Amino acid sequence: MKRLLFVYNAHSGKGAIKTKLAEVVDSMVKAGWRVTIYPTQSRGDAARVVEAESGEHDLIVCSGGDGTLDEVVTGMMHVAEKKPIGYIPAGSTNDFANSLKLPKNTQKATEIALYGKKFACDVGKFNDNHFIYVAAFGIFTEVSYQTNQELKNLLGHAAYILEGAKSLLDIESYPMRVECEGKTVEADFIYGMVSNSISVGGFKQIAGKNVQLDDGVFEVTLIKRPKNPLELNEIITSLLSRVDNTDLIYSFKTDHICFYTEKETPWTLDGEYGGTHLSVVVDNCARAVEIMVEREEEEAAAAKP
């Protein structure tokens, strides 16, 4: 029999996967899979188990938030033989699931994980770590890993907004040198983002238009510190309209970028704390992992036994 490793985070979102667990596993068995079930026990656990066990399985399916998917992808990037990954989103935001057009309905997402088609997706290399859809620093980024899980479960996207509003009272900036494709920019930045996603923090199109998850390049957004309320309003207007008509925001695409600062800067990787760094090198690993996405209806019907 084909072997499937099912890794799930019982604490993601409102813990809904726990009530759907029997139904999900039953669908996997009916699809002809011999299933190994692993509930994650701590941060980083999913990466460890995937790295250790993926070689003995033909398909890895995970359920949780984007942080759980991040760990599964990280584990997969550490093995030579890459296995396809199915994703059943169960987090409070599910940014990357939205980019992949995966449904919130658990059963429908399970069917895609089992009968979908493989999509070769870019992965980010962040120094010695990895991310699947965003690496960021500055305003709002601490919100994602400092907001407690109970508040996330209760309020969803509103939790980020509420906590972020508090951060606006004291905007910290980071003097930084950014090098990319032979060009250098030096400025005080309040926010920086290297992304491969249509949605970040629950906000669609924040990374710009025409985002492709398999084109080998990232979307980069850097926001300079505003000197007065007028400049702050200029930044907000530009972000909301996605019209690049301000010198306060740098937006471009690249497959390689370096950040240097004299002050330890905290980063977030896929919504989880990514440590503090004085220097960061980000590379695009083009089409490095395969994630199951939805087939056309005719293809899906033919894929089922």
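Tutor: Let's start with a definition: we speak of a salt bridge when a side-chain nitrogen of Lys or Arg is within 4 Å of a carboxyl oxygen of Asp or Glu. Keep in mind that the model in front of you is predicted.

Student: Okay. How many salt bridges does a search of the whole structure find?

Tutor: Here is the general idea. Side chains of opposite charge can pair when their charged atoms come close. In this structure, the search finds five salt bridges. One of them joins the side chains of Lys253 and Glu219, with 2.5 Å from N to O.

Student: Where do Lys253 and Glu219 lie?

Tutor: Lys253 is in strand β13 (residues 249–254) and Glu219 is in strand β12 (residues 218–224), so this pair ties together parts that are 34 residues apart in sequence. Their surroundings can be compared too. Lys253 is partly exposed, because its relative accessible area is 39%. Glu219 has just 3% relative accessible area, so it is buried.

Student: And which salt bridge does Lys30 make?

Tutor: The side chain of Lys30 meets that of Asp26, at 2.7 Å from N to O. Both residues sit in helix α1 (residues 17–30), four residues apart, and that is about one turn of the helix. Lys30 has 61% relative accessibility and so counts as exposed. Asp26 counts as partly exposed, because its value is 38%.

Student: What about Arg48: which residue does its side chain meet in a salt bridge?

Tutor: That would be Asp45, at 3.7 Å from N to O. The two are three residues apart in helix α2, which means about one helical turn separates them. Arg48 is partly exposed at 47% relative accessible area, while Asp45, at 8% relative accessibility, counts as buried.

Student: Which residues of helix α2 are buried?

Tutor: In α2 (residues 45–53), the buried residues are Asp45, Ala46, Ala47, Val49 and Val50. They pack against strands β1 (2–8), β2 (33–39) and β3 (59–64), and also against helix α3 (66–77).

Student: Let's zoom out. How many helices and strands does the chain have?

Tutor: The chain has ten helices and 15 strands. Of its 305 residues, 50% are buried. About 14700 Å² of the chain is exposed, and carbon and sulfur atoms supply 51% of that area.

Student: How do I read contacts along the chain? What share of those with a separation of 6 or more comes from residues 24 or more positions apart?

Tutor: The idea is to ask how far apart in sequence the touching residues are. Here, residues 24 or more positions apart account for 73% of the contacts with a separation of 6 or more.

Student: Now the inside. Which residues touch the most other members of the largest nonpolar core?

Tutor: General idea again: in soluble globular proteins, nonpolar side chains tend to be buried together. In this chain, the largest nonpolar core has 41 residues, and Val73, Phe96, Ile132 and Val289 touch the most other members. Helix α3 gives the most to this core, with five residues. Apart from it lies another core, of 20 residues, among them Phe137, Tyr174, Cys180 and Phe218.

Student: Can we look at Phe96 up close? Which residues is it in contact with, leaving aside its neighbours within four places in sequence?

Tutor: Its contacts are Asp66, Leu69, Cys121, Ile132, Tyr133, Asn196, Ser197, Leu213 and Ile291. One of those, Cys121, is buried, with a relative accessible area of 0%.

Student: Cysteines make me think of disulfides. How many does the structure hold?

Tutor: Zero. Take Cys258, which is in no disulfide: the nearest cysteine sulfur belongs to Cys180 and is 8.3 Å away. The sulfur atoms would have to be within 2.5 Å to count, so that gap rules the pair out. Cys258 counts as buried, because its relative accessibility is 8%.

Student: Last topic: backbone angles. Which phi does Asn127 have, positive or negative?

Tutor: Look at the phi angle and then check whether the residue is a glycine. Asn127 is not a glycine, yet its phi is positive, about 50 degrees. You'll find Asn127 in the loop between β5 (117–126) and β6 (129–131). It is partly exposed, with 22% relative accessible area.

Student: And where is Arg287?

Tutor: Arg287 is in strand β15 (residues 272–293). Its phi is positive as well, about 50 degrees, although Arg287 is not a glycine. With a relative accessible area of 46%, Arg287 is partly exposed.

Definitions and conventions
Residues numbered from 1 in each chain as written. Predicted model: local features only at pLDDT ≥ 70, side-chain atom pairs only at ≥ 80, totals over all residues. Heavy atoms only, no water. Buried < 20%, exposed > 50% of the residue type's maximum accessible area, 1.4 Å probe, protein only. Contact = heavy atoms within 4.5 Å. Areas by Shrake-Rupley, 256 points an atom, 1.4 Å probe, with all protein chains shown as cover. Core = buried A, V, L, I, M, F, W, Y, C linked by side-chain atoms within 4.5 Å.
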